[in-house]
Amino acid sequence: MRDVFTLITERVLRDSGGEPICAHVGDVQACAIKSHPTYQVLRTKVRLGRSKSVASLRLWESVCTLAREGGHQDRDKWLMILLDLLTPYFGGWSKDLARKWNYDVSDIRSAMITSALEAWHSTPSSMASGKLLDTMMTRAFTGARGLVEASSSETCATSARYVIADAAYEEDSTVLASSIIHAGTVQNPDADETIRGERMGALLQRMGAMDHVNAIHEKIRSGCRNEEDSPSITPAQVGRSWVDGKNLYYRISNLLPQHIPFSEAANVFGLSESQASRMAKKGSLPFRVLWIGNSRVVSVRSLMEILSIQDSIVHPDDVENGASHVGGR
């Protein structure tokens, strides 16, 4: 019988497709390390049991960050990987309990995954990754132990697929109108959108960044971007999209680097690198960390969210018009 451990591994292998995987920042192309293994190879090198390696703990921290703060569609993928990295250490426990209590091992494993997920969702996102690892393992064992000791006739096996399908946060990835326009700021949504883009263009012009921005605009207009980078637009924007014949809108974060060094992120919060390192060990750091080898980086989009900086959607025409006004053209 294919238990929940097998189902999780099958799903992760299916999603990774046998291609190189980046468990540092989530994107092979954006990672400073150029050589990446397939997930199958990566999994064999991770040690999260009693003899935890430093490299494994750093990888675990990065995967936790990606599962918490990755894109809406990626969080489920990384949470499944996080669970799959734990299953080798749950395996021995589940077999021992099954033998000792003469209980079905698949039910025990389902209870372990359910308890581990409950720990993931109930613990604060600021919890240090090492403590989170211990908490998930402890809760998994406690949940399995409680199942066999209760000698309940109820099982978790029938819900295994449900657990996998809905393990991650259920969030609508569609951009809502309220996140694009500020109702009441300007009565005409099109005007509000235009003003927002022109203000951003004026700011970028003053910063001397428009050469970089224009290069990105050229890329967008030529269609050289991934579909996932193209944000959903509202009915009010369809008219402008129709004129262009395609969706040219983008988010402000597309103009920024995906990650910045740990020291720079610490500086944003008025912390020295040593202070931030101590806070990270205590689980009190306001942002989460990704490891690239021995170096730490932080997601810029994550920092924007933490600092309540709106990742606005703008149109290239508006940004360029705003820059032209400031530039006197």
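These exercises work through side-chain contacts, burial and surface in a predicted model.

**Exercise 1. The overall frame**

Task: State how many helices and strands the chain has, and what share of its residues is buried.

Solution.
- Start with secondary structure. The chain has 15 helices and five strands.
- Turn to burial. The chain has 329 residues, and 43% of them count as buried.
- Now take contacts between residues at least 6 apart in sequence. Of these, 71% join residues at least 24 apart.
- Finish with the surface. The accessible area is about 17300 Å², and carbon and sulfur atoms account for 52% of it.

**Exercise 2. Trp93 and Phe141**

Task: Classify the ring pair of Trp93 and Phe141 as stacked, tilted or edge-to-face, then place both residues in the fold.

Solution.
- The structure holds five aromatic pairs. Trp93 and Phe141 form a pair with ring centres 5.3 Å apart.
- Check the angle. Planes over 60 degrees apart count as edge-to-face. The planes here stand at 70 degrees, so this pair is edge-to-face.
- Locate the partners. Trp93 belongs to helix H4 (residues 72–101), and Phe141 to helix H6 (residues 129–150). The pair therefore ties together parts that lie 48 residues apart in sequence.
- Check exposure. Trp93 is partly exposed at 30% relative accessible area. Phe141 is also partly exposed, at 32%.
- Widen the view. Ring pairs join Trp93 and Phe141 with Phe5 and Phe90 in a cluster.

**Exercise 3. Phe262 and its neighbours**

Task: Describe the geometry of the Phe262–Phe287 pair, and decide whether each ring residue is buried or exposed.

Solution.
- The centres of Phe262 and Phe287 lie 5.9 Å apart, with 65 degrees between the planes. The pair is edge-to-face.
- Phe262 lies in helix H12 (residues 262–268). Phe287 sits in the loop between helix H13 (273–282) and strand E3 (290–292). The two are 25 residues apart in sequence, so the pair ties separate parts together.
- Apply the burial cut-off: under 20% relative accessible area. Phe262 has 2%, so it counts as buried. Phe287 has 3%, so it counts as buried.
- Look for a charge over the ring. The charged end of Arg296 sits over Phe262, 3.8 Å from the ring centre.
- Add a second case elsewhere. Arg68 lies over the face of Trp120, at 3.8 Å from the ring centre.

**Exercise 4. A salt bridge within helix H1**

Task: Explain the spacing of Asp15 and Arg11 along their helix, and compare their exposure classes.

Solution.
- Asp15 and Arg11 form a salt bridge, with 3.6 Å between the closest N and O atoms.
- Both residues are in helix H1 (residues 4–16). They are four residues apart, so about one helical turn separates them.
- Asp15 is partly exposed at 36% relative accessibility. Arg11 is buried, with a relative accessible area of 16%.
- Follow the charges outward. Salt bridges link Arg11 and Asp15 with Arg14 and Asp76 in a network.

**Exercise 5. Salt bridges between distant helices**

Task: For Arg43–Asp84 and Arg221–Glu320, give the N–O distance, the helices joined and the separation in sequence.

Solution.
- The structure has 10 salt bridges.
- Take Arg43 and Asp84. Their closest N and O atoms are 2.7 Å apart. Arg43 is in helix H2 (residues 39–45) and Asp84 in helix H4, 41 residues apart.
- Compare burial in this pair. Arg43 is partly exposed at 26%, whereas Asp84 is buried at 0%.
- Take Arg221 and Glu320. Their closest N and O atoms are 2.9 Å apart. Arg221 is in helix H10 (residues 210–221) and Glu320 in helix H15 (residues 316–327), 99 residues apart.
- Check exposure again. Arg221 is partly exposed at 31%. Glu320 is partly exposed too, at 21%.

**Exercise 6. A nonpolar patch**

Task: Name the residues of the nonpolar surface patch that includes Ile309, and place Ile309 in the fold.

Solution.
- Val268, Ile306, Leu307 and Ile309 make the patch, which covers about 310 Å².
- Ile309 lies in the loop between helix H14 (300–306) and strand E5 (313–314).
- Test Ile309 against the patch cut-off: over 30% relative accessible area. Ile309 has 45% and is partly exposed.

Terms used:
Residues are numbered from 1 along each chain as its sequence is written. This is a predicted model: local features need pLDDT of at least 70, side-chain atom pairs count only at pLDDT 80 or more; totals for chains, interfaces and linings use all residues. Side-chain values use heavy atoms; hydrogens and water are left out. Rings of Phe, Tyr and Trp (its six-membered ring) pair if their centres lie within 6.5 Å; planes under 30 degrees apart count as stacked, over 60 as edge-to-face and the rest as tilted. Buried means under 20% relative accessible area, exposed over 50%, partly exposed in between (1.4 Å probe, protein chains only). A charge sits over a ring if NZ of Lys or CZ of Arg is within 6 Å of the ring centre and within 35 degrees of the ring normal. Contact means heavy atoms within 4.5 Å. Accessible areas come from the Shrake-Rupley method with a 1.4 Å probe; for residues, only the protein chains shown count as cover. A salt bridge is a side-chain nitrogen of Lys or Arg within 4 Å of a carboxyl oxygen of Asp or Glu. Patches are made of residues with over 30% relative accessible area and no salt bridge: like charges are joined within 9 Å, nonpolar side chains (Val, Leu, Ile, Met, Phe, Trp, Tyr) within 5 Å.
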